[in-house]
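Visitor: I am new to this structure. Please take one part and look at it closely, then show me what lies around it.

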Amino acid sequence: MKRFFISFLGALAGVWVSVLLFGVLVIMFIAVMAASSAGSPEIPDIKKNSVLHIKLTGEVVDRQTPRDIMAEIYGESTEQIALNTLVGAIENAADDDDIKGIFLDCKGMSAGLAQLQAIVKALQGFGESGKWIMAYGDSYTQGDYIIASSVADSLFVNPAGSIDIHGLSATTMYFKNLLEKAGVEVQVVKVGTFKSAVEPFILNDMSEANRLQTNTFLQNIWGCLREEVADGRRVDSVQVNQWADGYTYTKETGFYIDSRMADATLYRHQMDSLLARASGLDEDEDMPELVSYDKYAAARNINGKSGKGKRQIAVLYALGDITENGSGGIASERLVPQILDLADNEDVEALVLRVNSGGGSAYASEQIWEALEQFKSRTGKPFYVSMGDYAASGGYYISCGADKIYAEPVTLTGSIGIFGLIPNAQKLLNDKIGINTATVSTNKGAFPNLYSPMSESMKGAMQSMVENGYELFVKRCADGRGVSTDSIKAIAEGRVWDGRKAMEIGLVDCMGGLDAAIRDIAVAIDAEDNYYIKEYPKVKTKWWEEMVDLSKTMEMKIAARIIGEENLRFYTLTKSIREMSPVQARMDYVEIN
């Protein structure tokens with residue numbers, strides 16, 4: 001009886017703890033929902049002599065994404081800067097008499113290089129209006145400094161602050177030895193000498209081909225960024241290279257002034273006074289009228305849906321990995337119906353596809369390509385592509401049929417190649433954990449499995465499958481660009497190109513961002529001053545989807561704690577190999593620092 005009561009009380013305590021934890025979770029969930037849906041924030045009244053306050057902090061995204069409820073609950077949410085809204089706010093502010101200037105408040109922003117360049121171009125356009133731009137930072141990261149130095153009339157740093165500019169680098173991790181120790185062999189079938197996405201699984205170092213292409217696009221991209229910094233700071237580009245070689249983040253602030261990296265040192269309260277005077281406020285008014293870009297966008301009804309005309313230009317976002325299904329990224333089962341709906345939508349007079357993707361499933365890429373061809377054939381309406389940081393491999397596949405393709409000089413594109421990864425875990429099962437398998441088959445044409453290596457006939461069949469996919473990919477590119485397949489093959493082989501070089505070899509038509517593509521397509525439909533933008537797909541937040549994903553979120557958090565946040569991507573990549581479609585049009589992951 002005593003044991004019964006102890007067991008009963010223990011079980012009861014467990015139930016109460018579970019209820020308590022569940023209650024806490026529900027309360028936190030309700031709090032998050034209340035915070036996110038407690039009505040729209042009050043739209044501010046933009047006063048005269050206001051300053052557009054652009055706080056460079058958090059993560060830049062091409063468009064605002066739904067709030068991650070689990071991140072909110074765990075206190076790990078990241079502030080987002082919606083690129084479309086920010087660019088729209090800057091462009092509108094240039095002609096707004098209530099806005100005297102822009103204050104770039106540099107606090108450490110995470111952004112892709114093409115996103116940086118889009119912000120720089122918008123700010124340069126603002127500067128051409130005759131209004132001023134001032135930048136201030138306690139500690140400038142390289143991304144912040146590239147923006148600020150390229151556009152600011154005056155650039156200030158805290159007397160105890162720092163500036164970091166170090167050039168560009170790309171680091172790849174290789175798992176061959178780890179996989180061998182684990183008893184896993186990754187069998188590769190591919191087409192393309194430069195198709196380096198498979199290398200981390202079969203090599204311990206960069207191939208010469210990959211080293212060549214990586215060095216080439218890094219040098220080209222850095223050359224572009226270096227020139228913008230040099231022009232903005234009115235120094236020679238050689239001097240910018242000297243900064244990048246000199247560990248600038250370790251220097252005293254006097255070095256920044258002497259070398260013209262910055263104009264002066266100021267404490268933040270001094271910066272506030274300077275902004276107030278620049279805004280034309282009275283001497284006794286020390287605080288400027290600062291208005292954040294997002295509140296300004298709300299007040300001026302921008303928010304990514306600009307234009308007051310009557311003719312609709314649809315902007316369709318294709319962001320992330322290309323898959324056949326799923327809730328995230330570019331899923332063909334969701335994007336294809338969206339494209340066909342746009343084709344049937346009489347209000348849509350032109351389509352701009354915004355692509356920011358390193359590729360993914362070759363099959364899904366083909367489905368999206370075909371849907372875009374349907375849009376063109378059914379409607380006869382213009383279809384342009386705007387490339388973001390990446391539009392490579394499958395990202396280029398879905399872009400190649402456009403009437404015009406726009407890229408930034410720092411965009412990574414091309415990577416026209418195909419590969420497949422087939423893991424063989426026989427040694428892991430047999431030798432490491434003592435599991436043996438036996439298979440009985442009526443025929444030999446089965447799909448590769450985890451339990452045994454591919455036979456020569458199976459390997460040949462898989463290679464043939466990949467080669468057929470490559471030929472189709474090349475044909476789509478050749479037809480879309482109006483050139484021969486031999487011309488495409490000469491620049492394909494899985495090679496990655498920077499945007500400027502891609503335009504030289506015919507993969508891209510124009511240099512420019514999303515704004516340039518929209519302006520030009522408006523001209524194409526004779527609607528320069530009579531269009532409005534509508535964005536697709538509509539961003540929706542469903543609370544129950546977040547709850548369903550709770551177990552997956554917990555798995556990722558546990559993995560991150562065990563192997564470290566910086567290694568989490570490689571864990572998920574290795575884990576996802578089994579879930580990938582057999583043939584991939586994907587560039588390798590390149591993290592440029």
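Guide: The close look starts with a pair of helices and then moves along the chain. This is a predicted model, in which local features need pLDDT of at least 70, side-chain atom pairs count only at pLDDT 80 or more, and totals for chains, interfaces and linings use all residues. Residues are numbered from 1 along each chain as its sequence is written, and side-chain values use heavy atoms, with hydrogens and water left out.

First, the setting. The chain holds 23 helices and 21 strands (DSSP runs numbered from the N terminus, with H or I over at least four residues for helices and E over at least two for strands). Of its 593 residues, 49% are buried (under 20% relative accessible area, with exposed over 50% and partly exposed in between, using a 1.4 Å probe and protein chains only). The accessible surface is about 28900 Å² (by the Shrake-Rupley method with a 1.4 Å probe; for residues, only the protein chains shown count as cover). Carbon and sulfur atoms own 52% of that surface. Now take the contacts with a separation of 6 or more: 75% of them join residues 24 or more positions apart (contact means heavy atoms within 4.5 Å).

Now the pair. Two packed helices are described by the angle between their axes and the distance between the axes. Helix 4 covers residues 113-127, and helix 5 covers residues 142-151. Their axes lie 9 Å apart, at an angle of about 20° (axes are lines fitted to C-alpha atoms, for helices over the stretch in contact, and angles run from 0 to 180 degrees between N-to-C directions). Helix 4 and helix 5 are therefore roughly parallel (angles under 35 degrees; over 145 is roughly antiparallel, 65 to 115 roughly perpendicular and the rest oblique). Their crossing is right-handed (the near helix is turned clockwise from the far one by less than a right angle; anticlockwise would be left-handed).

Which residues meet? Helix 4 brings L116, I119, V120, L123 and Q124. Helix 5 answers with G143, I146, I147, S150 and V151. Seven of the residues in this contact are nonpolar, three are polar and none is charged (Ala, Val, Leu, Ile, Met, Phe, Trp, Tyr, Cys and Pro count as nonpolar, Asp, Glu, Lys and Arg as charged, and the others, Gly among them, as polar). An α-helix has 3.6 residues a turn, so residues three or four places apart point the same way.

Next, a second pair. Helix 8 spans residues 208-233, and helix 9 spans residues 237-245. Here the angle is about 110° and the axes are 8 Å apart. Helix 8 and helix 9 are therefore roughly perpendicular. From helix 8 come W222, R226, E227, V229, A230 and R233. From helix 9 come S237, V240, N241, W243 and A244. This contact has six nonpolar, two polar and three charged residues.

Stay with helix 8 for one residue, A209. A209 is buried, at 17% relative accessible area. Residues up to four places away aside, A209 touches T193 and F194. S196 sits 13 residues from A209 in sequence, with 8.4 Å between their C-alpha atoms.

On to helix 11, residues 268-278. Its buried residues are M271, D272, L274, L275 and A276. Their cover includes strand 3 (99-110), strand 4 (132-140), strand 5 (154-163) and strand 8 (289-292). Just past helix 11, G280 has a positive phi of about 85°.

Three serines sit in loops further along. S393 lies between strand 14 (383-392) and helix 15 (394-397). Its phi is positive, about 55°, though S393 is not a glycine. S393 is buried at 0% relative accessibility. S399 follows, in the loop between helix 15 and strand 15 (404-407). S399 is also buried at 0%. Its contacts, neighbours within four places aside, are V355, V385, M387 and I405. G480 is 81 residues from S399 along the chain, yet their C-alpha atoms are 8.7 Å apart. S415 lies between strand 16 (412-414) and strand 17 (418-424). Its phi is positive, near 55°, and S415 is buried at 2% relative accessibility.

Last stop: P537. It sits in the loop between strand 20 (531-536) and helix 21 (543-548). The peptide bond from Y536 to P537 is cis, with omega near -10°.
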